[in-house]
Structures are given as C-alpha cells and as structure tokens.
Amino acid sequence: NQKLSATFKTFIYGASKPLYAMIKYWIFKGLINDPKDEFFIYENKELYGRNRWHSQFILRKELIPNKFTIDQANLIVDIGKCVYFLKQYWTENKEYKNEISDLKQTFDRLVDEEIHSSTPGENPLISELRKIHVINTQYVLKVLKKDYNLLHFFTNLHHYILLGQGDFARRFMEAMQQLEEQKYDRLDVVVDPLLRNILHRMAEGHKKSDWFNNIHIHINNSNTSEETIFEAFSLRYSIKGPLKMIFQAYEKDYHLLFIFLWRKTHIQYKLSSIARDLYYLKKYEDCKSGFNSITKELYFLKYQLTNFMFHLEYYIVHEVIEKEWYYFLYSFKYCTSIDDVIKAHERMLSRIFMGTLMDTQYKV
C-alpha cells in the first residue's frame, strides 16, 4: 500500500528530525541542545575540573537509537568534544570554516537519506561522521602544538618527575644536613621556605624555567619529625590553561611517579648518612675487637644496599623512564590527531608504571 507506506515514512521522518538536529548541533557547535532531556549525550555539570576530557560529556547508553552502535555513538561524543574544545580555546580560521561548511551540506543531504534507511551499521552518514571526527581531532592537535606548545608541556612534566634525581635533590640534601644539626618542633615550617628557595635558585639557572612556576609545594603533615621529613611534603605539578581540559586527569599519575622516585632518593640519602656514621665509628680509638667485627658487617651490608640502589636507580631512570620517554617523543612526531597523542601518552605512562612495578597498585 503506497499510501500507507508514505504515511509511515512521514511519521518516521518527523520523529527522526529532532534527533538528527541535536546531533548536528552537537557535532558542529560543540553544544547540547536537549530541552526534553532525551539526547543520548549529556553534560556532567557536577564535574569540578578533573578529567574533563573523558568525563565532562557522558554517553547515555540506554538512549542510544537502534540506528547507532555504541562505537558509533562514542564517535559522535568524540566529535562534539573536539568542537567544544576548539570553540572554547581557538578562533576559527577561514580554512576551517570552509571545510566545516562543506561538511554541513553533506551531512544534511546524508541525513535525509539515512532517515529512510532501517539498517544499522556502517553507511554513508557514519563514514561522513568519521571524516568530521578526523578533521576536528587534527585541528585540536594543530592548535595545541602551535598555540599552546604541546611538546614543551610534555617536556615540563618529564622534568618534574625527575626533579629528585639531580641538582634539586642534591641542594635539598645539603640544606637538610644543616637542619638536622638544629632542633625544630615544626620542621615542616622550615621546609616550605627552604624548598621554595631551592626551586627559585634552580629556576634562575634555566633559560626556559616557566615550568617551575607550575610546581607547588604541598605540606602533607603539620607535625613532622626529622625522621619523616621526606614524608612531610610533596611537589605537585599543576596543569593550566587549555591543556588542563585534556591532561589534568594525569596529574595524579605524575605525582605518584615523583613520590616514588623521591622516596628512592630518600633511601640513598639515608645510606650516605649511615656511611658517614660508620666512618666516624671506625675512627673511634677505643672500639673493642668484637665491636670492630660488627662494624665490618655493617660496612658490608651498607655496601650491598648502596650497590643495589645504584643499579635500581640506573634501571628505573634509564631503562624505564628515559627509554619510554624517547619512544614517546618518536611516536609524537607521527601523531596526526589529539587521539593519537593521548594513546601514545597513556602507553608511555602505563609502561613506566609496569617497569617500576607500580601497575598492580596504580592504574593509568
């Protein structure tokens, strides 16, 4: 019955139009226009800054139309996220506007064809959505590279986790030797200005020292003795600006790596203190022969521990962190979209966590 078929097509067209209108608004404006609360994407407005790239816009699986698979629905979510980012942090150029204008026309034409199709899965409209996604995710990467120096940002994070390996650790330990000779009821009160002074001195010696401005001192415990001074504070790297939307979720992972390396440095520092004590003990003239044998055993144990820490440090820094860092830099050169960068970055962190045996406790 042609008349009945035409009537059903009219109903289907009228019922589907609002859905595709919301999809179009989302993928070209990066905004959700859903007055009836029936769109399969919603904005998590209770999110306070953390993990915005992955959690600000959520897929509601129960509202996904039968025409779309979950992967296709996620594709639509990803398109809107990229457009939202570009609208927030970039002024569109003529080239981008022309590309989007052409895509809109093609999208409208394919929507009219798709509404009358009842077969879910891959079709010309989905192929067009993939093209829209590729273009937008490529532009996000271009903007981050050109306007926000993305590679420099990753380099800063790399410097941050290795702070405990170089001049910063050495200067802090030298200052701590002086503090240990004095008595303080509240060492954390002394540590805070000490750390700030060391960071300031290090910043003066670097040509590109802007990354020091993103490091903040966090006091963990207000009542800290000198025995737990390394637990009294932590240095946190704060991600700022547009990069915060995409990469803030990884602040915790970098902080865990910093703490891990800092505690390793703490052990090495304690071993060096023990070595000094044993040296003065050996110089003590009135040591008995039995006591000398104990001293020799302590020397041997200290030597074994020092040797172990030396090889552990070499493995962690050079065989794990530096190796994965340079592999990430190599991968970064060939990334063509922000999705590629995120995958390469997550791979680097995951392999570092596995290499440092932290993956069973901490997940990237």
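Asp-339 sits in helix H12, which covers residues 338–355. The model described here is a predicted one. Asp-339 is buried but takes part in no salt bridge, and the nearest side chain of opposite charge, that of Lys-343, is 6.6 Å away. Setting aside neighbours within four places in sequence, the contacts of Asp-339 are His-133 and Thr-137.

**Overall make-up**

- The chain has 364 residues, and 43% of them count as buried.
- Its secondary structure consists of 12 helices and four strands.
- Taking contacts between residues at least 6 apart in sequence, 70% join residues that are at least 24 apart.
- The chain exposes about 20900 Å², of which carbon and sulfur atoms supply 52%.

**Salt bridges within a helix**

- The count of salt bridges comes to nine.
- One of the nine pairs the side chains of Asp-78 and Lys-81, with an N to O distance of 3.5 Å.
- Asp-78 and Lys-81 are separated by about one helical turn because they are three residues apart in helix H3, residues 70–89.
- The two partners differ in burial class: Asp-78 counts as partly exposed at 25% relative accessibility, whereas Lys-81 counts as buried at 8%.
- Another salt bridge joins Lys-131 to Glu-128, where the closest N and O atoms are 3.7 Å apart.
- Lys-131 and Glu-128 are also three residues apart, about one turn, and both belong to helix H5, residues 124–148.
- An α-helix has 3.6 residues a turn, so residues three or four places apart point the same way.
- Lys-131 has 45% relative accessibility and therefore counts as partly exposed, while Glu-128, with a relative accessible area of 6%, is buried.

**A salt bridge between helices, and a network**

- Lys-264 and Glu-313 form a salt bridge in which the closest N and O atoms are 3.8 Å apart.
- This pair links distant parts of the chain, with Lys-264 in helix H10 (residues 251–283) and Glu-313 in helix H11, 49 residues apart.
- Lys-264 counts as buried at 4% relative accessibility, and Glu-313 is partly exposed with a relative accessible area of 22%.
- Elsewhere, Asp-34, Asp-37 and Arg-60 are joined into one network by salt bridges that share partners.

**Helix H6 and the loop before it**

- Helix H6 runs over residues 150–161, and its 12 residues should span 16 Å at 1.5 Å a residue.
- The end C-alpha atoms of H6 are 17 Å apart, which agrees with that expected span.
- Buried residues of H6 include the aromatic side chains of Phe-153, Phe-154 and Tyr-160.
- Leu-150, Asn-156, Leu-157, His-158 and Ile-161 are also among the buried residues of H6.
- Asn-149 lies in the loop between H5 and H6.
- The phi angle of Asn-149 is near 50°, a positive value in a residue other than glycine.
- Asn-149 counts as partly exposed, at 42% relative accessibility.

**Tyrosine patch**

- A nonpolar patch on the surface is formed by Tyr-327, Tyr-330 and Tyr-334.
- Together these three residues have about 390 Å² of accessible area.
- Tyr-334 is placed in the loop between helix H11 (289–333) and H12.
- With 57% relative accessibility, above the cut-off of 50%, Tyr-334 counts as exposed.

**Other exposed positions**

- Lys-45 is located in the loop between strand E1 (41–43) and helix H2 (52–55).
- Lys-45 is exposed, with a relative accessible area of 69%.
- Lys-45 and Gln-56 are 11 residues apart along the chain, and their C-alpha atoms are separated by 7.1 Å.
- Leu-357 belongs to the segment after H12.
- Leu-357 has phi near 60°, which is a positive value in a residue other than glycine.
- The relative accessible area of Leu-357 is 70%, so Leu-357 is exposed.

Conventions:
Residues numbered from 1 in each chain as written. Predicted model: local features only at pLDDT ≥ 70, side-chain atom pairs only at ≥ 80, totals over all residues. Heavy atoms only, no water. Helix = DSSP H or I, 4+ residues; strand = E, 2+ residues; numbered from the N terminus. Buried < 20%, exposed > 50% of the residue type's maximum accessible area, 1.4 Å probe, protein only. Contact = heavy atoms within 4.5 Å. Areas by Shrake-Rupley, 256 points an atom, 1.4 Å probe, with all protein chains shown as cover. Lys, Arg positive; Asp, Glu negative; His and termini not counted. Salt bridge = Lys/Arg side-chain N within 4 Å of Asp/Glu carboxyl O. Expected span 1.5 Å × (residues − 1). Patch = residues over 30% accessible without salt bridge, like charges linked within 9 Å, V, L, I, M, F, W, Y side chains within 5 Å.
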